[in-house]
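Me: Let us go through this ligand site step by step. Where should we begin?

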Amino acid sequence: MPKLSVDIVTAEKLVFSEEDVDLLVVPGIEGQLGVLSLHAPLLTMIQPGILRVVKGGEETAMAITGGFIEVRENRVTILADAAERGEEIDVARAEEARRRAEERLASREATIDVVKAEMALKRALMRLKAVEQTRRRRRGAPPPPTG
Ligand code: ATP
């Protein structure tokens with residue numbers, strides 16, 4: 001059975017590029033979207049959330065803030081606004097972004113852009129979730145071989 005090749009790119013850089021991927025689960029605008037090889041051609045939007053890549057029994061969790069996914073002939077291209085692997089996420093920065101957004105939402109000032117603050121809160125929460133999922137997986141993983 002052929003496998004998937006997956007590229008995740010932002011305007012700034014190539015964030016992720018892997019061949020032989022078994023399964024990709026992305027937060028599509030209509031819900032979780034699972035992509036296996038031989039998937040029908042597809043072009044759709046992604047919403048902010050956790051993206052999972054499964055390759056050879058290993059799973060990578062990534063935070064993605066939205067974008068597009070295209071699937072064509074076992075080649076998946078994701079154009080993301082921003083995307084980070086769990087281990088690349090700066091937890092203190094995400095905590096600070098969450099605190100800032102929560103503070104804005106709690107204030108009653110008329111100048112607050114509620115939608116913007118809600119989006120910022122969502123981004124911060126899903127980054128923290130991606131970190132948590134990555135850590136949990138590591139704890140569950142067998143220790144690396146010694147010697
Ligand atoms: P902040 O308010 O902390 O900038 P944000 O949600 O507004 O957060 P984005 O606009 O989504 O940030 O992303 C801007 C850039 O910063 C992207 O390249 C993104 O990958 C990176 N980035 C944002 N937050 C983090 C984080 N906590 N750890 C690592 N990279 C981050």
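Reply: Start with a definition: domain bounds here come from an automatic or database domain assignment. The model is predicted.

Me: Between which domains does the ligand lie, and why?
Reply: Look at who supplies the shell around the ligand. Both domains give residues to that shell, so the ligand lies between domain 1 (4-86) and domain 2 (89-139).

Me: How is the protein built, read along the sequence?
Reply: The protein has two helices and 10 strands. The C-alpha trace spans about 55 × 45 × 25 Å along its principal axes. Read along the sequence, the pattern is β-β-β-β-β-β-β-β-β-β-α-α.

Me: Which pocket holds the ligand?
Reply: The residues surrounding the ligand include Glu12, Thr65, Ala82, Ile89, Arg100 and Arg127. As for the site itself, the ligand sits in the largest pocket.

Me: Which element gives the largest share of the shell around the ligand?
Reply: Two elements give two or more residues to the shell: helix 1 (91-106) and helix 2 (114-140). The largest share is three residues, and the element that gives them is helix 1.

Me: How many residues of the shell are charged?
Reply: Sort the shell by class. Three residues are nonpolar and one is polar. Among the charged names are Glu88 and Arg123. The charged count is eight.

Me: Which residue has a side-chain N or O atom 2.5 Å from an oxygen atom of the ligand?
Reply: A polar contact needs a pair of N or O atoms within 3.5 Å. An oxygen atom of the ligand meets that cut-off at 2.5 Å, and its partner is in the side chain of Glu84.

Me: Which residue places a backbone N or O atom 2.8 Å from a nitrogen atom of the ligand?
Reply: Set the side chains apart here. A polar side-chain atom of Arg93 lies 2.8 Å from an oxygen atom of the ligand. The backbone atom facing the ligand nitrogen, at 2.8 Å, belongs to Asp90.

Me: How much of the ligand's accessible area does the protein cover?
Reply: Take the ligand on its own as the reference. Its accessible area is then 590 Å². Of that, the protein covers 68%.

Key. Residues numbered from 1 in each chain as written. Predicted model: local features only at pLDDT ≥ 70, side-chain atom pairs only at ≥ 80, totals over all residues. Heavy atoms only, no water. Near = heavy atom within 4 Å. Polar contact = N/O pair within 3.5 Å; in protein donor to acceptor, adjacent residues only side chain to side chain. Areas by Shrake-Rupley, 256 points an atom, 1.4 Å probe, with all protein chains shown as cover. 1 Å grid on protein atoms, 1.4 Å probe; cavity = no way out; pocket = protein on both sides within 12 Å on 5 of 7 lines; lining within 4 Å. Sits in = over half its atoms within 2 Å of the grid points. Helix = DSSP H or I, 4+ residues; strand = E, 2+ residues; numbered from the N terminus.
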